[in-house]
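Hi there,

Here is the structure I promised to pass on to you. Have a look at it first, and my notes follow underneath.

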There are 2 protein chains.
Amino acid sequence: MAVYTHLGAEDLAELIAQYDVGELVSAKGIAEGVSNSNWLIETTGGGDGGKRFILTMYERRIDISELPFFLGLLDHLAANNCPVPRTIHDRSGGASREIDGKAVALIEYLPGVSVDHPTASQARAVGIALAEMHQASKSYDKTRANGLDISMSLHTLQSCGEDALSAIDDDLPDMIAVAQRVRDAWPWDLPRSICHTDLFPDNVLMLGSRVTGMIDFYFACEEAMAYDLAVTHAAWCFDRKGKTFSADIGAALLEGYESVRKLDDAERASLPVLAQGACLRFIASRAEDWLNTPDDALVSRKDPMDYARRLAFYAEASDRAFAFSA
Amino acid sequence: MAVYTHLGAEDLAELIAQYDVGELVSAKGIAEGVSNSNWLIETTGGGDGGKRFILTMYERRIDISELPFFLGLLDHLAANNCPVPRTIHDRSGGASREIDGKAVALIEYLPGVSVDHPTASQARAVGIALAEMHQASKSYDKTRANGLDISMSLHTLQSCGEDALSAIDDDLPDMIAVAQRVRDAWPWDLPRSICHTDLFPDNVLMLGSRVTGMIDFYFACEEAMAYDLAVTHAAWCFDRKGKTFSADIGAALLEGYESVRKLDDAERASLPVLAQGACLRFIASRAEDWLNTPDDALVSRKDPMDYARRLAFYAEASDRAFAFSA
């Protein structure tokens, strides 16, 4: 959550001149995205409509060769009426440009704010938006493999090692055996599409109960659609520490999703194991980040146990986790 | 340059409802200000005009009892046609409110971008804006002492100690003796007003050669106006490392300033020592920050030697530093 690169007014004005959006009026570095720098840009407006944009500079973690997949996906989904920011193309039609050897893209600005405490009607709207996104992305002509699947989560936990994991929390080494069990039980043949796989409340913009934007598609990949629903469930239906499950939020999310796209029997039966896999992904990446972040660093580390608690809930109370409300 | 506090959509919407600005449409944490958290807020617009605002949360370094001075100053300067963002008052007339025990203020949003490489005409415009600000602030009815004057710079350097200073740079311990000499030569009786004292390019918004905003007044205090000009000179007329002086930028800044407010003879004669005092302030605060920031912290430390080089230039070439161009 930072701006990693300084871009002066002169750099920005020169960049903006490459697009049909008018002249630069304002640029504020915004604290969004963990692997990119972002600026909220205002211009005088041009042929491309709009006067506000998000400028993203790809700093790390993102393989530049994958940018056409990510930026093309935004355009494809926006063209299919999903609330997703489209990519603004430059005067020569390019979706991304380079500054000082770093790729940048100009992205549509969408209104809306991220909720901390979703209501059931907000969760329902998110379920609908997710299902519509799954339907729309089926016709997208590019694909990308999931680099963070259950096998990778297991591998990451094994690489951390039991000793290092136990230094974070006594219960964390057990997750290696859990990940092995979940991987062995993994349903690899569920219906697939291009999925977001990271649809946390932070990545959804809302106005009231309307989803105005789904953002940060940089983990998007081809995956089981029910897995994406399980990730979203784990991200939306608990308090931050994963101690309390909100049954009404979970039911509303599922109902919203199924109002657009019915889960088949295999998908429904798989939700508990998919949700545990989703939790293991965040447990593994948080444990790895924890061990790579110095104790006295100024960035706050995210506790992997927040997702170990969710995992325990999914393992023990799967009937309750995925029950319908009425 | 960070957002130190999380404010969810619900907190923000509740806060915005206390102002006559319409409903919350968007909120982006922005990477501005070193001691505050800031959000760029968009609303549907209301009786208070405008649809965009800066929300500032005062995190540290700022004594809350001084907020009426700072926020009142913005209103006073804006009312006197200075390009300064006014404070938006809440429905009960308050200039600041509290969230979770922290003070927040809603501030007018101004267009413009900060330049990296000012042109002479931009420097001239900054000189004019600074002088007009000095004239306007004379009628402000509140005051505040400068907590970072030359005596404090000397004290800070002495507190760091020669050993610690030499660990940063071999030449840094000499600055203690330099600060003593500059303090002994300090002209305490120059004409005073409320001054910005931190008018770096980062704190000036421009569109072309027009100053559209002077921001971040949280070091403002009663000071010698010529000192404020000297701070601005040191901040604008060199490359970042302080290795190259731009005579044309310096001349344009002074000419712009004097086109509004003529310096008297004592002020003019004092510029070299005032500029050295300005450099010592940044040398002292940067040295202190350097020693208080762990080597492996993710924030970048600012090198005090960038201002030691400027100081050497002002000591040796004061005739050239403050020469008029034509």
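**What turned up**

B:Leu157 sits in helix H4 of chain B, the helix that covers residues 150–160. Please keep in mind while reading that this is a predicted model. With a relative accessibility of 0%, B:Leu157 counts as buried. Which residues does B:Leu157 contact, once its neighbours within four places in sequence are left aside? They are B:Leu165, B:Met175, B:Ile176, B:Ala179, B:Leu280, B:Ile283 and B:Ala284. There is also a long step in sequence to report: B:Leu157 and B:Pro304 are 147 residues apart along the chain, while their C-alpha atoms are 11 Å apart in space.

Two of those contacts of B:Leu157, namely B:Leu280 and B:Ile283, come up again in the nonpolar core. The largest such core has 222 residues, and those with the most contacts inside it are A:Leu280, A:Ile283, B:Leu280 and B:Ile283. For a view from chain A, take A:Leu280. Neighbours within four places aside, A:Leu280 is in contact with A:Ile150, A:Ser153, A:Leu157, A:Met175, A:Val178, A:Ala179, A:Val182 and A:Leu311.

**Chain A as a whole**

Stepping back, chain A has eleven helices and ten strands. Its radius of gyration is 20 Å, close to the 20 Å that the globule rule gives for 326 residues, so chain A is as compact as a globular protein of that length. Along the principal axes, the C-alpha atoms of chain A fill a box of roughly 55 × 45 × 35 Å.

How much of chain A is buried? Buried residues make up 56% of its 326 residues. As for contacts in chain A with a separation of 6 or more, 72% of them are between residues 24 or more positions apart.

On the outside, the accessible surface of chain A comes to about 13500 Å², and 47% of that belongs to carbon and sulfur atoms. Chain A carries 30 positive and 49 negative charges, and the mean positions of the two sets are 4 Å apart.

**A few places to visit in chain A**

A:Tyr140 lies in the loop between helix H3 (120–137) and helix H4 (150–160). Is A:Tyr140 buried or exposed? At 9% relative accessibility, it counts as buried, because the cut-off for buried is under 20%. Beyond the residues up to four places away in sequence, A:Tyr140 touches A:Pro68, A:Phe69, A:Gly72, A:Leu73, A:His76 and A:Ile194. One of these, A:Gly72, is 68 residues from A:Tyr140 along the chain, and their C-alpha atoms are separated by 8.6 Å.

A:Ala17 is in another loop, the one between helix H1 (9–16) and strand E1 (24–30). This residue is partly exposed, at 44% relative accessibility. Its C-alpha atom is separated by 9.1 Å from that of A:Arg91, which is 74 residues away along the chain.

Further along, A:Arg320 belongs to helix H11 (residues 318–321). Apart from its neighbours within four places in sequence, A:Arg320 is in contact with A:Phe245 and A:Phe313. A:Arg320 and A:Phe245 are 75 residues apart in sequence, with 9.7 Å between their C-alpha atoms.

**And a few in chain B**

B:His134 is found in helix H3 of chain B (residues 120–137). With a relative accessible area of 0%, B:His134 is buried. Not counting residues up to four places away, it touches B:Ser193, B:Ile194, B:Cys195, B:Met225, B:Asp228 and B:Tyr257.

Next come two residues picked out for their backbone angles. B:Asn81 has a positive phi of about 65° although it is not a glycine. You will find B:Asn81 in the loop between helix H2 (67–79) and strand E4 (87–88) of chain B, where it is exposed, with a relative accessible area of 71%.

B:Asp100 is also not a glycine, yet has a positive phi of about 50°. B:Asp100 lies in the loop between strand E5 (97–99) and strand E6 (102–108) of chain B. Its relative accessibility is 76%, and it counts as exposed.

Happy browsing, and write back with any questions.

Best wishes

Conventions: Residues are numbered from 1 along each chain as its sequence is written. Chains are lettered from A and ligands numbered from 1 in the order in which they are written. This is a predicted model: local features need pLDDT of at least 70, side-chain atom pairs count only at pLDDT 80 or more; totals for chains, interfaces and linings use all residues. Side-chain values use heavy atoms; hydrogens and water are left out. Helices (H or I, at least four residues) and strands (E, at least two) are DSSP runs, numbered from the N terminus. The radius of gyration is taken over C-alpha atoms; the globule rule is 2.2 Å times the number of residues to the power 0.38. Buried means under 20% relative accessible area, exposed over 50%, partly exposed in between (1.4 Å probe, protein chains only). Contact means heavy atoms within 4.5 Å. Accessible areas come from the Shrake-Rupley method with a 1.4 Å probe; for residues, only the protein chains shown count as cover. Lys and Arg count as positive and Asp and Glu as negative; His and the chain ends are not counted. The place of a charge is taken as NZ of Lys, CZ of Arg, CG of Asp or CD of Glu. A nonpolar core is a set of buried Ala, Val, Leu, Ile, Met, Phe, Trp, Tyr and Cys residues joined through side-chain atoms within 4.5 Å.
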